[in-house]
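Grab a pencil and work through these exercises with the model open beside you. Try each task before you read its solution.

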Amino acid sequence: MQSPLLPVTGQAVACVDGRAAGFSCNSVTLLSFLPLAAIDGDFSQDDTTAVEANDIWGWVDPETDRRYALVGLSNGVAVVEVTDPVRLRLVAFLPEPSHDHAHKTRPARTAHEGASLWRDIKTYGPYALVVSDNNPGHGLQVFDLRQLRTLSQTPARLDRWRIITASVPPTTWW
C-alpha cells in the first residue's frame, strides 16, 4: 500500500542526492506541494481522496496582486492562493453544479453515463469560465474572481448563488 502524499509548505526544500521531500528532482528546489486530498473540497484535511485533477489555470488580482491557481478537479474547482510560493493555501472550492457528488467517492457513472469528470478553466478579465466536457447539467460556470477579496473565512465553499450556470441545448449549437 502506497503511503499518502503529505503537503510540503512553509519552507523550500532543496534537491539533495536527487530527492526533495520524497520527490525525485534534478537541480531544482521544491517550493511547496499540496496533494489532492488537501484541495478536494472536503475540508476535512484528511489524507484520502478519490478526486482526480486535470487542468490548472492562473489568475492575478490586479488590485491586490494576489495570485491564484484554479485547479480543475473531478468534483469542481479548487482555488489555491499561490502569492507566497512556499505557503500555498486553499482559499475556496467551487463545486460541480447540480450533481452534489460526495467528495470522497467517485460519482456513479449512471449519474451521467459517459460524461467526462474533468473541468477546463480559463479566465477572462476577473471571471473564471469553467466547463466540463459531455457532462449534462454542468453548462458553463462563470465565477467572479473578485469575490475572493471579500471571503471572511477560508477555505470557503462557494455558494451556488454566486455561480451562473447555463446550458445550451445541442440543437442550438452553430
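**Exercise 1. What volume does the second largest pocket have?**

Before you start: this is a predicted model, where local features need pLDDT of at least 70, side-chain atom pairs count only at pLDDT 80 or more, and totals for chains, interfaces and linings use all residues. Residues are numbered from 1 along each chain as its sequence is written, and side-chain values use heavy atoms, with hydrogens and water left out.

Step 1. Rolling a probe the size of a water molecule over the atoms shows where empty space is left. A pocket here is an open set of points on a 1 Å grid over the protein atoms alone, where a 1.4 Å probe fits, with protein on both sides within 12 Å along at least five of seven lines.

Step 2. Read off the volume, the space filled by probe spheres set on the points: about 160 Å³ for the second largest pocket.

Step 3. Now for the lining, meaning residues with an atom within 4 Å of a point. Among the lining residues of this pocket are Phe33, Leu36, Ile56, Val71 and Leu88. The lining splits into 10 nonpolar residues, no polar and no charged. (Nonpolar covers Ala, Val, Leu, Ile, Met, Phe, Trp, Tyr, Cys and Pro; charged covers Asp, Glu, Lys and Arg; the others, Gly among them, are polar.)

Step 4. α1 (36–39) and β4 each give at least two residues to the lining of the second largest pocket. Helices (H or I, at least four residues) and strands (E, at least two) are DSSP runs, numbered from the N terminus.

**Exercise 2. Work out how β4 fits in with its neighbours.**

Step 1. Strands pair if DSSP finds at least two bridges between them. β3 and β4 pair antiparallel over 7 bridges, and Asp55 has Gly72 in β4 as its bridge partner.

Step 2. On to β5: 6 bridges join β4 to β5, also in the antiparallel sense. Leu70 is bridged to Val79 in β5, and the hairpin of β4 and β5 has 2 residues between the strands.

Step 3. Check the cover: 6 of the 7 residues of β4 are buried (buried means under 20% relative accessible area, exposed over 50%, partly exposed in between, with a 1.4 Å probe and protein chains only).

**Exercise 3. Is Asp61 buried or exposed?**

Step 1. Find Asp61 in the loop between β3 (53–60) and β4 (67–73). Asp61 counts as buried because its relative accessible area is 1%.

Step 2. Look for polar contacts (N or O atoms within 3.5 Å; within protein, one must be able to donate a hydrogen and the other to accept it, and residues adjacent in sequence count only if both atoms are side-chain atoms). The Asp61 side chain reaches the backbone nitrogen of Glu63 at 2.8 Å and that of Thr64 at 3.3 Å.

Step 3. Leaving aside residues up to four places away in sequence, Asp61 touches Arg66, Tyr68 and Arg149 (contact means heavy atoms within 4.5 Å).

**Exercise 4. Track down some unusual backbone angles.**

Step 1. Most residues other than glycine have a negative phi, and most peptide bonds are trans.

Step 2. Asp65, in the loop between β3 and β4, has a positive phi near 65°. Ser27 has a positive phi too, near 60°, and counts as exposed because its relative accessibility is 70%.

Step 3. Finish with the cis peptide bond: this one joins Thr154 and Pro155, with omega about 0°.
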